[in-house]
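User: Could you walk me through how to read this structure, one feature at a time?

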Amino acid sequence: MQNDIERVLVSEEEILNKCKELGATLAAEYDGKFPLAVGVLKGAMPFMSDILRYMDCHVEMDFMDVSSYGNEMRSSGEVKIVKDLNTQVEGRDLLIIEDIIDSGLTLSYLVDLFKYRKAKSIKIVTLLDKPEGRTTDIKADLVGFNVPNEFVVGYGLDYKEMYRNLPYIGVLKPEVYSGE
Ligand code: PRP
Ligand code: MN
Ligand code: MG
């Protein structure tokens with residue numbers, strides 16, 4: 001699997017250090033509160049696990065599975081709820097956890113949904129931000145790393161459901177997806 005990677009963009013160590021830093025920041029912001037952390041499946045899974053481990057405050061966890069990419073390299077433009085939350089959102093402080101913001105469609109859909117459900121507050125933390133991909137005006141409150149406009153995989157991010165289990169963020173060799 002690692003043979004398919006052209007270069008590493010963010011190393012395992014950089015990711016973990018960033019999780020500690022972001023976790024500490026969030027713990028201070030939510031001190032005395034009981035936020036609901038919403039992990040956006042599937043991509044956010046490793047990041048959610050690591051960042052919450054370094055967030056020293058009470059937090060409830062839930063998951064939302066939405067998909068806009070399917071097996072494609074480009075967003076379909078349509079966000080589909082595959083699995084909804086089990087938790088009531090009204091009056092809660094929400095922390096949405098994402099692996100990457102690209103067009104911003106996934107998050108603008110979720111933010112609208114959670115506003116409609118009357119969340120008390122909504123914060124977004126994303127490990128990666130790809131500002132050049134943006135077609136909406138969504139912005140994260142906390143960003144781990146900016147990445148260039150390339151197709152990145154690893155640490156939750158997939159290509160055709162593969163590479164999510166890489167411990168770092170990397171760029172695929174072009175021959176891996178040539179013909180797409
Ligand atoms: C990817 C990624 C983000 C979203 C970002 O998810 O994990 O959730 O796309 O793109 P956007 O800003 O253009 O909406 P995907 O839909 O591929 O589902 P996955 O997390 O299950 O891979
Ligand atoms: Mn995702
Ligand atoms: Mg995907």
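**Reading the core, sheets and a helix**

Analyst: Happy to; let's begin with the core of this predicted model. The largest nonpolar core has 37 residues, and Val38, Ile51, Leu95, Ile96 and Ile97 touch the most other members.

User: Which elements each supply at least two residues of this core?

Analyst: They are helix H1 (12-29), S2, H2, S5, H3, S6 and S8. S5 gives the most, with six residues.

User: With which residues is leucine 95 in contact, leaving aside its neighbours within four places in sequence?

Analyst: For leucine 95, set those sequence neighbours aside and you find contacts with Leu26, Pro35, Ala37, Val38, Lys123 and Val125.

User: How do S2 and S3 run, and how many bridges join them?

Analyst: S2 and S3 are parallel and joined by six bridges. As a landmark, valine 38 stands opposite aspartate 62 in S3. Between the two strands, the chain passes through helix H2 (residues 45-53), making a right-handed β-α-β crossover.

User: And how does S3 run relative to strand S4?

Analyst: S3 and strand S4 (residues 80-83) are antiparallel, with three bridges between them. Here you can look for serine 67 opposite lysine 80 in S4.

User: In what order do the three strands of the open sheet stand?

Analyst: The order is S1-S9-S8, with antiparallel pairing. Strand S1 (5-10) and strand S8 (152-153) are at the edges; each has a single partner strand, so one side of each lacks a neighbour in the sheet. S8 is joined to strand S9 (residues 169-172) by two bridges, and valine 152 has valine 171 in S9 as its bridge partner.

User: Let's turn to H3. Why does its span agree with what a helix should show?

Analyst: The check is the rise of 1.5 Å a residue: the 12 residues of helix H3 (residues 105-116) should span 16 Å, and the end C-alpha atoms are 17 Å apart, which agrees.

User: Which residues of H3 are buried, and what do they pack against?

Analyst: Leu105, Thr106, Leu107, Leu110 and Phe114 are the buried residues of H3. Their packing partners are strand S2 (36-41), strand S3 (60-67), strand S5 (93-101) and strand S6 (121-129). After H3 comes lysine 118, which has a positive phi near 70°.

User: What does the chain average in pLDDT?

Analyst: A general caution: where pLDDT is low, the predicted coordinates should not be read in detail. In this case the chain averages a pLDDT of 94, and 95% of the residues score at least 70. The model's ipTM is 0.97 and its pTM is 0.95.

Key: Residues are numbered from 1 along each chain as its sequence is written. Chains are lettered from A and ligands numbered from 1 in the order in which they are written. This is a predicted model: local features need pLDDT of at least 70, side-chain atom pairs count only at pLDDT 80 or more; totals for chains, interfaces and linings use all residues. Two strands pair if DSSP finds at least two bridges between them. Helices (H or I, at least four residues) and strands (E, at least two) are DSSP runs, numbered from the N terminus. The expected span of a helix is 1.5 Å times one less than its number of residues. A residue is buried if 20 or more other C-beta atoms lie within 10 Å of its own, exposed if 12 or fewer, and partly exposed in between; C-beta atoms are placed from the backbone. Two residues are in contact if their C-beta atoms, placed from the backbone, lie within 7 Å. A crossover is right-handed if, with the strands pointing away from the viewer, the path from the first strand over the helix to the second runs clockwise. pLDDT is the predictor's confidence in each residue, from 0 to 100. A nonpolar core is a set of buried Ala, Val, Leu, Ile, Met, Phe, Trp, Tyr and Cys residues joined through C-beta atoms within 7 Å.
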